[in-house]
Amino acid sequence: MIEIRETLEFLTARAVEFIIIGGVAANIHGSTQATFDLDICYARNARNLERLGLALIDIHATLRNAPPDLPFRPDAETLRRGLNFTFNTDLGTLDLLGEVAGVGTFEDIVGACQTTELFGKHYSVISLPHLISAKRAAGRAKDLSALPELEAILEYQRNDQAT
Amino acid sequence: MTKDKEELLRNPKPGTKAAAAREFGIDLTLTIERLRRTPEQRIRDLQSYINDIEKLRAGLKSRTS
């Protein structure tokens, strides 16, 4: 489970550079498919890793499905050595992706992001075409089952823009 | 989202992505409802759903323990 607003505002307050991806992004675009975690793609520059690491420590991030006695500290160095992480935090389930299958890194997708206002703040959200590519590349049943609706929404949006 | 635009999803033409989604089993009337709402309203709806599920899970857990 995830506290979406609180998590977004927390990361923003810590000046973390990130893009909303995954199911929350799909919902922002209009999907009706539920999700129970927040997926973000994060910038991997040294300054952002430092900010993100400090933020994760403050919300007591632990690796999901890892043995409880496994030594782990989600600091900048850990983030630098890894790429994609699935965390439980005080704010809920948070997945961090340094690279998104099918679309690439933060730098690859940030230029095509849409900016969306949520709760009085502006957030970068993966574009719908990129989200579709990512879900197709992920290839899991839940990703593939989301595709027909997302493609219909994209078709609707493009028709809307053309008229 | 105008009524005319909604028709693209309510009565999709054969061969369109909307038609494929409907054939896949997506209830596009729900999608239309979702698209009428703002992104913030969509996230509020999602959070409300998440919270409801959490309450249900907690209730089931307390009944079985």
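This dialogue explains how to read several features of a predicted model with chains A and B.

Student: Which conventions apply to this model?

Tutor: The model is predicted: local features need pLDDT of at least 70, side-chain atom pairs count only at pLDDT 80 or more, and totals for chains, interfaces and linings use all residues. Residues are numbered from 1 along each chain as its sequence is written, and chains are lettered from A and ligands numbered from 1 in the order in which they are written.

Student: What elements does chain B have, and how do they run?

Tutor: Helices (H or I, at least four residues) and strands (E, at least two) are DSSP runs, numbered from the N terminus. Chain B holds four helices and zero strands, in the order α-α-α-α from the N terminus on.

Student: How is the radius of gyration of chain B to be read?

Tutor: This radius is taken over C-alpha atoms, and the globule rule is 2.2 Å times the number of residues to the power 0.38. For 65 residues a compact globule would come near 11 Å, whereas chain B has 17 Å. The C-alpha trace of chain B spans about 50 × 25 × 15 Å along its principal axes.

Student: What span should helix 4 of chain B have?

Tutor: The expected span of a helix is 1.5 Å times one less than its number of residues. Helix 4 of chain B (residues 39–64) has 26 residues and should span 38 Å, which agrees with the 38 Å between its end C-alpha atoms.

Student: Which residues of helix 4 of chain B are buried, and what covers them?

Tutor: A residue is buried if 20 or more other C-beta atoms lie within 10 Å of its own, exposed if 12 or fewer, and partly exposed in between, with C-beta atoms placed from the backbone. In chain B, 23% of the 65 residues count as buried. Those in helix 4 of chain B are Arg42(B), Ile43(B) and Leu46(B). Their cover includes helix 3 (28–36) of chain B, and also helix 1, helix 2 and strand 8 of chain A.

Student: How many residues does each chain bring to the contact?

Tutor: Two residues are in contact if their C-beta atoms, placed from the backbone, lie within 7 Å. Chain A gives 23 residues and chain B gives 24 residues. On the side of chain A that touches chain B, helix 7 of chain A supplies the largest share, nine residues.

Student: Which way do the residues of strand 1 of chain A point?

Tutor: Phe18(A) and Ile20(A) point one way, Ile19(A) and Ile21(A) the other, and all are buried. Two strands pair if DSSP finds at least two bridges between them. Strand 1 of chain A pairs with strand 2 (residues 38–42) of chain A in the antiparallel sense over four bridges, and Cys41(A) in strand 2 is the bridge partner of Ile19(A). Not counting residues up to four places away in sequence, Ile20(A) touches seven named residues, among them Ala25(A), Ile40(A) and Tyr123(A).

Student: What is the sign of phi at Ala15(A) and His60(A)?

Tutor: Most residues other than glycine have a negative phi. Ala15(A), however, has a positive phi of about 60 degrees, in the loop between helix 1 and strand 1 (18–21) of chain A. Ala15(A) counts as exposed because it has 11 C-beta neighbours inside 10 Å. For His60(A), phi is positive too, near 55 degrees. His60(A) lies in the loop between helix 3 (46–58) and strand 3 (62–63) of chain A, and is exposed, with 12 other C-beta atoms within 10 Å.
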